[in-house]
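Biologist: I should like to go through this structure term by term. Please set each value against its definition.

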Amino acid sequence: MRNLKSPIHPPTAVSSSSSHFFPRNFLKEQFFPFKNDEKLNFRVVCSSNSSQNPRNSTNQGLSIISILRAIPDWADDIKERGMRKKRSLYDHEKWLEHRSSLRHIRHLFSSLSSRVILSLVPPVIAFTSVAVVIATYNSAVILHWLPEFFPVLRASSLPYQLTAPALALLLVFRTEASYSRFEEGRKAWTKILAGTSDFSRQVIATVDSSSNDSLLKKTLLHYIMAFPVALKCHLTHGSNVAEDLQGLLDADDLAVVLSSQHRPRCIIEFISQCIQLLNLEETKRSILESKICCFHDGIGICEELMGIPIPLSYTRLTSRFLVLWHLTLPIILWDDCNWIVVPATFVSAASLFCIEEVGVLIEEPFSMLALDELCKLVHSSIQEAMVNEKTIRAKLKAKRGSHCNHSPNGWPPS
């Protein structure tokens, strides 16, 4: 064999942040670096690569890991996209659809589009594959395809009968704890939005629009409307703060808010400074200042829910219990089910892991709430109150004037 014109260089290291699969050009350059006119025996290439490329095994290990992670990464991507999806509020039509007797059929046909079910593809496939391997091994042993010293994998079902209530309690308590966090987050946002509406009503009723404070009054109302939007962006991942606040704040104020580390507290500072500049009595100013407390309370509750999950030891215990349960389930069911252990493991894994997955999803409540729709609802109500303020005030003044023109005994004057 003649000499090569250029030596075979070792492949470069592949970073973990690269794609899951090697590109075609990379494979061609690493394993076939010679030109078309240079013919080389395959055995020589393999021996040369093994002696000169010590990183081949590492690269192959990375490629295998990337392939194995492809399905979990795909499922996680679907789940995270579903978490960032904007929720909508229910109206009468949606409640009728929600209560429909055909809901079970509709939910069944929409299973393949459910992010909860799609996120269970990796564990369900893994445990079903384990059941197939165990069933194949036991069948091979029974048919004497393997030496006689290989035992049949079987065990008594008594341990499962004893531990089944413990697993059920773990899943129930896990889901209940997650739902309590969801309920706490919903109540916190109900208080924040109610406080926003009450705060804006107090500003509209207290500050006179005909005085020199009319511009400050309008600015203050926009600050109040901007607070729940800023808090929503602070709590949810992937929110565009600049886009959501663009119609509520001026460009200069928006630049200050965007440069702040804690944007909801920055807007609270704008609100507080604006109240101090209003020409009001001290009692009225104190009443307006007291309305800010609901914003601070809401921030505290929401950040506590975001920063402190359910104790991790409880979550890990539930996950480990489920994994060990389904790894040994085919062995337990083999005597009674034989090859039916495969669909039985599939159904069990899909059911129990689905309950655990729902608990994990609602543990972080803010991505499950229709916060965008709630903020828009509050904004529309406040803007409507601002538009109707002068009309309502004029009509009430007219009624008071017409009442003063009447005589004290209730008869109209002659």
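Modeller: The discussion below takes up salt bridges, a buried residue, two backbone angles and a pocket.

Modeller: This is a predicted model, in which local features need pLDDT of at least 70 and side-chain atom pairs count only at pLDDT 80 or more, while totals for chains, interfaces and linings use all residues. Residues are numbered from 1 along each chain as its sequence is written, and side-chain values use heavy atoms, with hydrogens and water left out.

Biologist: What makes the pair Glu97 and Arg106 a salt bridge?

Modeller: A salt bridge is a side-chain nitrogen of Lys or Arg within 4 Å of a carboxyl oxygen of Asp or Glu. The N to O distance between Glu97 and Arg106 is 3.7 Å, so the pair meets the definition. By this rule the count comes to 11 salt bridges.

Biologist: Why is Glu97 called partly exposed?

Modeller: Buried means under 20% relative accessible area, exposed over 50%, and partly exposed in between (1.4 Å probe, protein chains only). Glu97 has 44% relative accessibility and therefore counts as partly exposed. Its partner Arg106, with a relative accessible area of 30%, is partly exposed as well.

Biologist: How do you know that Arg201 and Asp198 are separated by about one helical turn?

Modeller: They are three residues apart in helix 9; a helix here is a DSSP run of H or I with at least four residues, numbered from the N terminus. Their side chains meet in a salt bridge at 2.9 Å, N to O. Asp198 and Arg201 are also linked with Lys291 in a network of salt bridges.

Biologist: What makes Glu389 buried, and where does its partner Arg393 stand?

Modeller: Glu389 has 12% relative accessibility and so counts as buried, whereas Arg393, at 36%, is partly exposed. The two side chains form a salt bridge of 3.6 Å, N to O. Both residues lie in helix 18 (residues 371-404), four residues apart.

Biologist: How do you know that Asp213 has no salt bridge?

Modeller: The nearest side chain of opposite charge, Arg285, is 7.2 Å away from the buried Asp213. In this count Lys and Arg are positive and Asp and Glu negative, while His and the chain ends are not counted. Asp213 lies in the loop between helix 9 (158-206) and helix 10 (214-235). A polar atom of the Asp213 side chain lies 2.8 Å from the backbone nitrogen of Asn279.

Biologist: What makes His144 and Asn338 notable in their phi values?

Modeller: Phi of His144 is near 60°, a positive value in a residue other than glycine. Asn338, also not a glycine, has a positive phi of about 55°. His144 is in the loop between helix 8 (121-142) and helix 9, and Asn338 is in the loop between helix 16 (312-337) and helix 17. His144, at 63% relative accessibility, counts as exposed; Asn338, at 40%, is partly exposed.

Biologist: What makes a space a pocket?

Modeller: On a 1 Å grid over the protein atoms alone, a pocket is an open set of points where a 1.4 Å probe fits, with protein on both sides within 12 Å along at least five of seven lines; lining residues have an atom within 4 Å of a point. The largest pocket holds about 1,200 Å³ of space. Its lining has 27 residues, of which Arg87, Tyr90, His98, His107 and Arg115 lie nearest the centre. Helix 5 gives the largest share of that lining, four residues.

Note on methods:
Helix = DSSP H or I, 4+ residues; strand = E, 2+ residues; numbered from the N terminus. Polar contact = N/O pair within 3.5 Å; in protein donor to acceptor, adjacent residues only side chain to side chain. Points joined across faces, edges and corners; volume = space filled by probe spheres on them.
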